[in-house]
Amino acid sequence: LVSLLPWKATLPRLLGSPVVFAVLGIPALLEALGTLGELDVHFLMTLAAFASVAIGHSHEGAALLLLFALSQWVEDQLSMSARASLDALSRMTPENAHRVPEESESLASVEDSIDTPSSTLRTGDRIIVRAGEVVPVDAEVIDGTSQVRLDHLTGEPLPIAVAQGDEVMSGALSVDGALLLRVLRPADESTIQKIGRLTTTASASRPQLVTFLDAVAKRWSVAVVISTAVIAIVPPLLFHAPVGPSLYRSLVWLITASPCALILAAPLVYVSGLSVCFSNGVLLKGGRVLDALANANGFAFDKTGTLTTGSATLLRIEELSKDSNARNIASPSSRTRALAAAGSLGRLSVHPISQALAAAAPPEGALEVVEYNMVAGSGVTGIMSFVGEEGVRWEAALGRPAFVSAHLEAGGAAGSALAAVVRGAAGGEDAGGSAVKGESGCVVTALGLRPAKGATGDGAGAAPVAWLLHLQDRVKTSAQEVLEEMAGRGPVYMLTGDCLANAKSVSTQVGPHFTAVYADLRPEDKFAKVRELDEHLKEPSKNGTSIRERIVRALGASSGGLVMVGDGVNDAPALAAATAGISLANSTDGALSTTAVEGSDVLVLRQARDVDGDEDLLRVAWVMHVARAARQLVQQNVFMALFSIGGASVLTLVSDIPLWLGVVLHEGTTVLVALNSLRLFSKLRGSKWGLERPGAVARREGAGAHDVLMEAIGDVRGVFFVCALRVVVPTSMFLDVGGPLA
C-alpha cells in the first residue's frame with residue numbers, strides 16, 4: 001500500500017511488492033496449485049496477482065494479494081462471530097470429571113476424588129462438581145446446594161437453585177456451591193452431548209440454495225477463465241490491438257467477474273441464523289430447516305402441552321358402579337385408592353395427564369408397579385398391590401375410556417358389566433376410542449382395576465373397579481398472539497388426541513384462527529393427517545408456472561408445506577412427517593428426550609422461569625421470523641453480488657478501469673455481503689422475540705397502499721442504493737482523478 005502512494009519513495013516501491021509476494025503470494029500459489037482442478041476464487045485471485053507481475057504491474061498485483069488476504073481475514077472474523085454460539089456449545093462439555101467412591105452420601109464424607117474422562121462415566125457413578133465448574137453428564141443432586149446457569153443452552157439469563165433430589169443437566173455451570181451428584185445417564189446419552197451432535201449435524205447440513213450457488217460458482221469460474229483468455233487473445237489477433245493493454249484488461253476482468261461475493265451470499269446468513277437461534281435456546285438441525293420454515297405455508301399445532309400448559313389440575317374423581325350404573329363422587333377412601341393407583345402408573349409415563357395425576361397423588365401412597373406397558377395413543381397398564389391387601393394383586397389400566405373398557409372386559413362377566421358402565425359414562429363412546437365428553441375444556445381419563453390372573457385368597461373373589469378422573473388444562477397466555485401471527489401466513493390446524501368438545505373449547509379461547517380442528521386422533525392418525533395436509537399445501541407449487549416456482553423446482557426443492565408443532569414425544573411421528581417439525585421441550589432443566597431430538601427439526605428449550613411454557617410458543621413465532629429474515633438477506637446478498645459483478649464487469653469492457661479499482665470493487669462487495677449477512681443479528685434483537693415482521697404494517701388499521709408498498713420495498717431500495725454507490729462513486733473517482741492517482 002505504501003508503494004502506491006503518489007510521492008516518490010524509492011525504498012518502499014522496491015521492497016513493498018517483493019515482501020507481499022513472499023509473505024502472501026507464495027503460500028497462496030502453493031494452495032492454488034493444490035486445488036488446480038477446482039478453479040475456485042482463490043485460484044483466480046492468485047492467477048491474477050502473478051499474471052500482473054508478468055505484464056509489469058507488480059505493485060497492483062501485490063495490492064490484490066494484500067486486499068484479498070484482508071478480505072479473507074474479515075470474512076473469517078465475521079464467520080467466527082456468527083458461529084460463536086455454535087462453537088461455545090461444542091466446547092461446553094468438560095473432558096474430565098471428579099469421580100468419588102460410590103458409597104459417598106454427603107460432601108462431608110468425600111475425602112478425595114479421582115479425575116477420570118467424562119466419557120467413561122456410567123449410570124450410578126458419583127461425582128463432585130465444585131463452584132465454577134461445569135456438570136459433565138446428566139445427574140441428580142445427592143448433597144449440596146448451588147445456583148446453576150443454563151443461559152448458554154436455554155437462553156435463561158438468571159441462574160436457578162438446585163438442591164438434594166433435583167436433576168442437573170450436563171453443561172450446567174455451578175455458580176456458587178459444590179454438588180455431590182449421582183450420574184443418571186452416561187456421557188453419550190446426556191443432554192449436552194446430544195446438543196453437540198446436533199450442532200455438528202447443523203453445521204454440516206448444506207441448504208439446497210448453498211449447494212446450488214456453489215455449483216453455479218464453479219461453472220462461473222470456468223467461464224471466467226475462458227473469457228479472460230478470449231479478452232487477452234482475440235483483440236490482438238483479430239483487431240491488431242496492443243498486447244499489453246489487452247492483457248491488462250483481461251486481468252481486470254478476471255478480478256471483477258470472479259464470483260467470490262456470490263459464493264459468500266448464503267452460507268454466512270445460515271450460520272448467523274443457526275447461531276442466533278442456539279443462543280436463544282432454539283436448536284435447529286441445519287440451514288435446510290431455515291429454508292423449510294421460510295417456505296412453509298401452513299401450520300399445525302398439538303393441543304395438550306403445546307397450546308395449553310400441559311400442567312393439568314385434578315378437579316374431581318367419580319367412582320363407577322356396575323350395579324347402579326351411576327357416577328358418584330368418590331369417597332375419601334375410594335379417592336385415596338384411585339390416586340394411589342393412577343399416580344403410581346403416571347410416574348412411569350411422560351404424558352402430561354399422567355404427570356398431572358402423579359403430582360396429585362400423595363408421595364407416601366406410591367405403589368410398586370410391575371409388568372408396566374405403554375400403548376401409544378391409548379394408555380398404560382401394570383400390575384400392583386395395595387398396602388394392607390395381602391395376596392391381592394390388581395391389573396390396572398389408565399387412559400382412554402375405550403382402552404380401559406377393553407381392559408375390564410378381559411376380566412370376565414363382572415368386568416364386562418363394568419366396562420359397559422364406563423362406555424355409558426363416556427357418552428356412548430365408540431370402538432374407535434373417542435375420548436370421554438366432559439365439561440368444556442375439561443379432560444377426562446379412566447382408571448380400571450381387575451383382579452390379576454392366578455389370584456388366591458381374598459384376591460380370587462375381588463370385583464373389578466373403575467373411576468373417571470376429571471382434569472383441567474390452561475391455555476397458554478401467548479397462544480392467541482402466536483396463532484394470530486401464524487394465521488397471517490397460511491392456514492392453521494389443530495391436531496389433538498383429545499375429544500372434539502375440549503378441542504373446540506381451546507379453539508374458542510384463542511380466537512377464530514383455526515382453519516380446521518381435528519380431534520380424537522391417535523399418533524398414527526396424526527401422522528396420516530400431517531402427511532395429507534403437507535401434500536395438499538405443496539400441491540400448488542408442484543404445478544405452478546411462476547418464475548419463482550420454476551426456480552424452486554429446478555433446485556430440486558419444493559415450495560410450501562406444513563410446520564407441525566408438538567411436544568416431541570407422542571407427536572414424534574407427526575413431527576417427522578411434516579416439512580418441518582418443531583418440538584417444545586417440557587422440562588425447565590434443559591434435558592432433551594431422545595425421541596424429541598431424533599423426531600423433530602427444531603427443538604425449543606424451556607427456560608426455568610417459564611414454568612408453564614408460555615414463552616415457548618412465542619419462540620415458535622420468533623424462529624419463523626428468523627427463517628424469513630434469513631431468506632430475505634440471502635436474496636439481498638445474491639442480488640447485491642450479481643449487481644456488483646455485472647456492473648463492474650461491464651465497466652471493465654467499456655472503459656479502462658485500473659487493476660487496483662477492480663480489486664477494490666471485488667473485495668469491497670465481498671466484505672459488504674459478509675456484513676449484510678450479520679444484519680440478521682440486529683434485525684432479530686430489536687425486540688424480545690422479534691414478532692414484528694416485514695409487511696405487518698399492512699395489518700395495522702389505517703395503513704394505506706403507499707405505506708404497505710414502501711415497507712415491502714424498503715430493504716430492496718437500500719440494497720440497490722448501496723450497490724449503486726459501490727459502482728458509481730469509485731467509477732466517477734476514476735474518471736476524475738483515477739488516472740493520475742494510478
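Start by selecting His240, an exposed residue with a relative accessible area of 68%. You are looking at a predicted model, and this residue makes a good first stop. His240 sits in the loop between helix 7 and helix 8. Check its backbone as well: phi is positive, at about 55 degrees, although His240 is not a glycine.

**Back to the start of helix 7**

Now select residues 208-239, which make up helix 7, and pick out Gln208 within it. Is Gln208 buried, exposed or partly exposed? With a relative accessible area of 29%, Gln208 is partly exposed, because that value falls between the 20% and 50% limits. Add Asp291 to the selection and draw a distance between the two C-alpha atoms: they are separated by 8.4 Å, while the two residues lie 83 apart along the chain.

**On to helix 8**

Go to the other side of the His240 loop and select residues 243-256, the 14 residues of helix 8. From first C-alpha to last, helix 8 reaches 20 Å, close to the 20 Å expected at 1.5 Å a residue. Colour its buried residues next: Ser246, Tyr248 and Ser250 are among them, and so is the run Leu251, Val252, Trp253, Leu254, Ile255 and Thr256.

Keep helix 8 on screen and add helix 23, residues 614-654. Two packed helices are described by the angle between their axes and the distance between the axes. Here the axes come within 9 Å and cross at roughly 175 degrees. Angles over 145 degrees count as roughly antiparallel, and helix 8 and helix 23 are therefore roughly antiparallel to each other.

Which residues meet where helix 8 contacts helix 23? Show side chains for Arg249, Val252, Trp253 and Thr256 in helix 8, then for Ile645, Ala648, Ser649, Thr652 and Leu653 in helix 23. By class, this contact has 5 nonpolar, 3 polar and 1 charged residues. Val252, Trp253 and Thr256 may look familiar, as they also belong to the buried set of helix 8.

**Helix 13**

Next, select residues 332-346 for helix 13. Its 15 residues should span 21 Å at 1.5 Å a residue, and the end C-alpha atoms are 20 Å apart, which agrees. Colour by burial again and you will find Ser334 buried, followed along the helix by the stretch Ala338, Leu339, Ala340, Ala341, Ala342, Gly343, Ser344, Leu345 and Gly346.

**A strand residue with positive phi**

Move to strand 14, residues 370-375, and select Glu371. What is the sign of phi at Glu371? Phi is positive, about 55 degrees, although Glu371 is not a glycine. At 62% relative accessibility, Glu371 counts as exposed.

**A buried loop residue**

For the last close-up, select Ala519, in the loop between strand 20 (516-518) and helix 19 (523-542). Ala519 counts as buried, at 17% relative accessibility. Leaving aside residues up to four places away in sequence, Ala519 touches Thr496, Asp498, Cys499, Leu500 and Ala503. Add Ala501 too: its C-alpha is 8.7 Å from that of Ala519, and the two residues are 18 apart in sequence.

**Zoom out**

Finally, show the whole protein, with its 26 helices and 23 strands. Of its 742 residues, 51% count as buried. Switch on the surface: the accessible area comes to about 31,900 Å², with 60% of it belonging to carbon and sulfur atoms. Among contacts between residues at least 6 apart in sequence, 70% join residues at least 24 apart.

Methods:
Residues numbered from 1 in each chain as written. Predicted model: local features only at pLDDT ≥ 70, side-chain atom pairs only at ≥ 80, totals over all residues. Heavy atoms only, no water. Helix = DSSP H or I, 4+ residues; strand = E, 2+ residues; numbered from the N terminus. Expected span 1.5 Å × (residues − 1). Buried < 20%, exposed > 50% of the residue type's maximum accessible area, 1.4 Å probe, protein only. Axes fitted to C-alpha atoms, helices over the stretch in contact; angles between N-to-C directions. Parallel < 35°, antiparallel > 145°, perpendicular 65-115°, else oblique. Contact = heavy atoms within 4.5 Å. Nonpolar A, V, L, I, M, F, W, Y, C, P; charged D, E, K, R; others polar. Areas by Shrake-Rupley, 256 points an atom, 1.4 Å probe, with all protein chains shown as cover.
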